[in-house]
Structures are given as structure tokens and as C-alpha cells.
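Here are a few worked exercises to try with the viewer open. Have a go at each task before you read its solution.

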Amino acid sequence: MSEVFQAVSLSAIDHDPLGQRAKFYLNVNKTLDRLYKQKFVSFTDSTNEATINTARDCGWEVVVGKFPTNLARLKAIERALNGTSDFINLWDADRLLHAATMSPNELEDLVRQTVKYDFFIVGGTPDAIKTHPSSLVVWESIKSERLGHYLGIEGDILNRGAFGFSREFARFLLTYHYEDCDESEGLFTILALEYKKQLKND
């Protein structure tokens, strides 16, 4: 394992009541073991046992429980901080498994990029968002426009379920997050700007 990959841990969130993703955890295991020092996954308590057991057999550190939607990603970051890596990739599991299956070289490049920044978000293509229900597309557009107004940026700036964090920014995020906020992308981005200001002032 290269020095870059030794520096990055993986944390994922999964809800798979039908057990459809069990085979994907198995199929991409070698790829993920090559790219990440440690693997953490948080499953909802309604996830199928086949998926949970397969993840465990593949070396994931597993926790199962009820996770409030607005806190699930924050809890996943908190778990990753229990590891020893200096950087974290946070993924929604369905997107991670798809990326590792269909675009392993792009995933490798993403891991290499992780160690260069305190925070980044991985966007989705216009074609990818079209696969979502129309109501979700509209909601994502509204969130993106609202956040863009705050940041003074036009265009789609929202994430599609993947992030990179330095350990330092992850700690900052957990310290200053808003527990009643259910928009992870916007929250993370706003706190990243505050973190940047703090670094300049130190």
C-alpha cells in the first residue's frame, strides 16, 4: 500500500433492507483494501443480515443502529476519527460501491486528491441526477441555489454523496455542526469556509 493510501480511511453509510448490495461489497473488496487504510460502515438496523455479514467478512468495522437522517453523516465522520488516518473519505454506500465497480481508476484518483485538501465535495453529472425522482431533482436544485446565493457562486455546487476531509477539519465540523440541520452538503461547505477563516486568523 502506497503512502497516500495509508493516509486515508473510508467511512460509509448504508441502508439495504433487501440485501442487494452484499455481492458488491464482496466484488470490490480488493479494490477498497488497496486504496484505504481502514474501512468503517454504519448500517441502519433494517439492513439485511447478508449485507452486514458480508461487510464484516470483508474487513469493514461495522456498526448497526438507528441513525437520525440529519446526523448519519456526522456520526460516520465521528467513527472514522476513531481510526488512525489523517484523512477521511465519506460515502453513501450505494455510490461508493458503484464507483469502485465501474470506475476504480477514478476512485483511486479521488483518494489521491483527498490528501491535498482539508475538504472537498464530489459532484454528480447532469445525467446522474436525472436518474432521481423529479421531486428530488427539484429539491436538490433549490438547495443548490440557496447555498450558491450564500457563497456567491452560481451553478450546481451540491454533492451527490461523497466527501473528503482532513482529520483537523473533521474535528472542527463535529465541534461546530448544527444538530437540527438536515442538509449535510450545505452545512459542510459553510463550516469549511469558517474553518478557512479561522486558519487565516491563527
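**Exercise 1.** Work out whether Arg-34 is buried, partly exposed or exposed in this predicted model, then find which residue shares a salt bridge with Arg-34.

*Solution.*
- Step 1: Start with the relative accessible area of Arg-34, which is 39%. Partly exposed runs from 20% to 50%, so Arg-34 is partly exposed.
- Step 2: Look for the carboxylate. The side chain of Arg-34 meets that of Glu-108 in a salt bridge, at 3.0 Å from N to O.
- Step 3: Place both ends. Arg-34 belongs to helix H3 (residues 29-35) and Glu-108 to helix H7 (residues 104-114), so this pair ties together parts that are 74 residues apart in sequence.
- Step 4: Check the cover on the other end. Glu-108 has a relative accessibility of 16%, so Glu-108 counts as buried.

**Exercise 2.** Take the salt bridge between Asp-33 and Lys-39 and say how buried or exposed each end is.

*Solution.*
- Step 1: Get the distance. The closest N and O atoms of Asp-33 and Lys-39 are 2.8 Å apart.
- Step 2: Asp-33 has a relative accessible area of 36%, so Asp-33 goes down as partly exposed.
- Step 3: Lys-39 comes out at 4%, so Lys-39 is buried.

**Exercise 3.** Now do the same for Lys-75 and Glu-78, and then say which residues are joined into one network by salt bridges that share partners.

*Solution.*
- Step 1: Lys-75 and Glu-78 form a salt bridge with their closest N and O atoms 3.9 Å apart. The cut-off is 4 Å.
- Step 2: Both residues sit in helix H5 (residues 72-80), 3 residues apart, which is about one turn of the helix.
- Step 3: Lys-75 is partly exposed at 39% relative accessibility, and Glu-78 is partly exposed at 40%.
- Step 4: For the network, follow the shared partners: Arg-34, Glu-108 and Arg-112 are joined into one.
- Step 5: For the full tally, searching the whole structure turns up 7 salt bridges.

**Exercise 4.** Find where Asn-89 sits and what surrounds it.

*Solution.*
- Step 1: Asn-89 is part of strand S4 (residues 87-92).
- Step 2: Its relative accessibility is 0%, so Asn-89 counts as buried.
- Step 3: Skip the neighbours within four places in sequence and list the contacts of Asn-89: among them are Val-8, Leu-10, Tyr-36, Leu-110, Phe-120 and Gly-164.
- Step 4: Phe-163 is another of these contacts. The C-alpha atoms of Asn-89 and Phe-163 are 5.7 Å apart, although 74 residues separate the two in sequence.
- Step 5: Zoom out to the whole protein. Of the contacts with a separation of 6 or more, 73% are between residues 24 or more positions apart. Buried residues make up 48% of the 202 residues.

**Exercise 5.** Describe the second largest pocket: what is its volume, and which residues line it?

*Solution.*
- Step 1: The volume is about 160 Å³.
- Step 2: The lining consists of Asp-118, Phe-119, Phe-169, Ala-192, Leu-193, Tyr-195, Lys-196 and Leu-199.
- Step 3: Sort the lining residues by type: 6 are nonpolar, none are polar and 2 are charged.
- Step 4: Ask which element gives the most to this lining. That's helix H11 (residues 184-201), with 5 residues.

**Exercise 6.** Sum up the fold and its surface: how many helices and strands are there, and what area is exposed?

*Solution.*
- Step 1: The protein has 11 helices and 6 strands.
- Step 2: About 10,800 Å² is exposed, with carbon and sulfur atoms supplying 51% of that.

Methods. Residues numbered from 1 in each chain as written. Predicted model: local features only at pLDDT ≥ 70, side-chain atom pairs only at ≥ 80, totals over all residues. Heavy atoms only, no water. 1 Å grid on protein atoms, 1.4 Å probe; cavity = no way out; pocket = protein on both sides within 12 Å on 5 of 7 lines; lining within 4 Å. Points joined across faces, edges and corners; volume = space filled by probe spheres on them. Helix = DSSP H or I, 4+ residues; strand = E, 2+ residues; numbered from the N terminus. Nonpolar A, V, L, I, M, F, W, Y, C, P; charged D, E, K, R; others polar. Buried < 20%, exposed > 50% of the residue type's maximum accessible area, 1.4 Å probe, protein only. Contact = heavy atoms within 4.5 Å. Areas by Shrake-Rupley, 256 points an atom, 1.4 Å probe, with all protein chains shown as cover.
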